[in-house]
Amino acid sequence: MVSKIISLSFFFPLLLLFSLSSAKTPSKPRAFLLPITKDEATKQFITTIYQRIPLVPAKLTIDLGQRFLWVDCDIGYVSSSYKPVPCGSIPCKRSFSGACVESCVGSPSPGCNNNTCGQSIYNPFIRTSTSGELAQDVVSLQSTDGSKPRKYLSTTNGVVFGCGSTFLLEKLAKGVNGILGLGNGYVGFPTQLANAFTIPRKFAICLTSSTTSRGVIFFGDSPYVFLPGMDVSKRLVYTPLLNNPVSTSGSYFVGEPSVEYFIGVTSIKINGNVVPINTTLLDITKDGKGGTKISTVDPYTKLETSIYNALTKAFVKSLSKVPRVKPLAPFEVCYNRSSLGSTRVGPGVPPIELVLGTTSWNIWGSNSMVAVNDDVLCLGFVDGGVEFEPTTSIVIGAHQIEDNFLQFDIANKRLGFTSSLLFSQTTCANFNFTSKA
């Protein structure tokens with residue numbers, strides 16, 4: 001599929017531009033969508049947007065907590081619609097920039113212009129950042145009515161993004177040339193799309209557990225219809241999204257608040273029994289420590305050491321009659337697959353319940369256990385250390401949210417979630433990408 005896209009890259013943008021100019025499209029789209037794939041080698045989640053004039057496909061790794069979209073501008077960035085963001089401009093101020101590039105050595109080009117807004121471009125997989133300029137360029141996405149793809153539409157004004165350097169592509173999946181930042185700040189991709197197309201400031205994400213099928217991101221309003229005709233928006237349960245006053249990113253400017261998505265876990269239960277933990281670790285302190293956030297970058301849920309020890313002890317106790325096998329890194333609690341049996345929602349293990357005040361998010365076997373080989377399943381939680389960086393007590397990883405539908409309602413500061421879609425006899429791979437209006 002990738003090779004076909006590359007071979008058509010010369011005239012596919014022209015086809016998109018023709019469809020934009022000649023097709024009769026709604027003046028106000030309801031929502032937009034992007035397909036998601038899971039890279040087999042890195043376990044990163046990947047999508048593709050169309051950017052620039054003429055339009056060029058940009059393959060990107062998804063980072064739920066990244067501040068903004070960034071792409072490699074060092075090699076082959078050519079666009080007639082590229083505009084650097086000036087120092088002191090509203091987009092610059094709202095990005096919490098702490099720098100201004102007054103002069104750039106070399107001839108003007110994407111990533112090298114005078115008097116432009118400077119930002120920190122960050123790759124969380126190598127925990128490395130570099131300075132780069134903020135810019136604006138056209139982005140084209142496919143609209144949707146919630147049940148099928150519709151026409152491609154382009155932003156009239158440019159979407160703000162960061163110009164990164166080629167060396168920052170290290171440890172990103174093959175062919176990827178940047179990161180799609182879905183953070184909740186003003187220059188986060190969801191908010192920019194909402195402003196550009198006057199759609200609700202919300203997005204929903206559904207990560208597939210398979211490397212051979214596609215999940216989906218929706219930007220805008222529901223419905224969210226999956227085969228066989230199920231609108232999963234009707235199954236959402238809501239909990240508040242919490243503010244963290246201090247950024248927990250690996251790179252940020254002093255005084256910058258977090259743009260990541262925190263929720264208020266108040267306790268943890270296994271098989272209905274409360275796990276004894278220090279619940280003060282679940283609160284967000286005034287200096288930004290503690291709490292619970294959701295990540296697409298961390299493959300597995302990371303827990304502060306004392307929470308990790310208590311959870312694994314309680315989990316092992318709940319399966320006291322099932323013999324364990326030799327652990328396989330990075331996991332410590334492992335079992336023979338045949339000893340656990342199977343259910344509709346994965347291996348037959350007790351649910352792990354994240355209590356969120358008056359509601360709960362249940363993590364069933366398909367999300368709590370990881371198949372490390374054909375014979376062994378391990379509990380997919382890892383020890384994050386006593387004070388790992390960032391100092392968040394619980395980081396819910398990508399494996400734990402696969403085949404769960406999550407709606408991030410930024411405007412109303414709430415998270416809608418379904419727990420496992422397997423209970424509803426559907427999956428994140430069941431959006432109908434093949435039917436078009």
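This report describes the nonpolar cores, one buried threonine and several strand pairings in a predicted model.

## Nonpolar cores

The largest nonpolar core holds 73 residues, and the members that touch the most other members are F189, F219, I268, I294, F315, W361 and F408. Helix α5, which spans residues 305-318, gives the most to this core, contributing five residues. Apart from this core lies another one, of 17 residues, and among its members are W70, V85, C92 and V160.

F408 can be followed further through its contacts, leaving aside its neighbours within four places in sequence: F408 is in contact with L64, with R201, K202, F203 and I205, with L241, Y261 and I294, and with R414 and L415. Of these partners, I294 is itself listed with F408 among the core residues that touch the most other members.

## The surroundings of T61

T61 belongs to strand β3, which covers residues 56-63. Is T61 buried or exposed? Its relative accessible area is 1%, so T61 counts as buried, the cut-off being under 20%.

The side chain of T61 makes a polar contact, at 2.9 Å, with the side chain of Q44. When neighbours within four places in sequence are left aside, the residues in contact with T61 are Q44, F45 and I46, then F125, and then L172, A173, V176, G178, I179 and L180.

## An open sheet of four strands and helix α5

Four strands, in the order β20-β19-β27-β28, make up an open sheet in which the pairing is antiparallel. The edges are taken by β20 (273-274) and β28 (359-363), and because each has a single partner strand, one side of each is left without a neighbour in the sheet.

The pairing between β27 (residues 352-356) and β28 is antiparallel and extends over five bridges, with L356 standing opposite T359 of β28. Helix α5 lies across β27 and β19 (267-270), and runs at about 20° to β19. This is the helix that gives the most to the largest nonpolar core.

## Strand β22 and its two partners

Strand β22 (residues 301-304) is covered on both faces, since T301 and L303 on one side, and K302 and E304 on the other, are all buried. Strands of a sheet pair through backbone hydrogen bonds, and they may do so in either a parallel or an antiparallel sense.

With strand β31 (residues 381-385), β22 runs parallel and is joined by four bridges; here T301 has F381 as its bridge partner. With strand β32 (residues 394-396), β22 runs antiparallel and is joined by two bridges, and in this pairing L303 stands opposite I394.

## Strand β30 between β24 and β29

In strand β30 (residues 376-379), V376 and C378 point one way while L377 and L379 point the other way, and all of these residues are buried. Which strands pair with β30? Strand β24 (residues 334-336) pairs with β30 in the antiparallel sense over three bridges, and strand β29 (residues 369-371) is likewise joined to β30 by three bridges, also running antiparallel.

Residue pairs can be named in both cases: Y335 stands opposite L377 of β30, whereas the bridge partner of V370 in β30 is C378. The connection from β29 to β30 is a hairpin that passes through four residues.

Definitions and conventions: Residues numbered from 1 in each chain as written. Predicted model: local features only at pLDDT ≥ 70, side-chain atom pairs only at ≥ 80, totals over all residues. Heavy atoms only, no water. Core = buried A, V, L, I, M, F, W, Y, C linked by side-chain atoms within 4.5 Å. Buried < 20%, exposed > 50% of the residue type's maximum accessible area, 1.4 Å probe, protein only. Contact = heavy atoms within 4.5 Å. Polar contact = N/O pair within 3.5 Å; in protein donor to acceptor, adjacent residues only side chain to side chain. Pairing = 2+ DSSP bridges. Axes fitted to C-alpha atoms, helices over the stretch in contact; angles between N-to-C directions.
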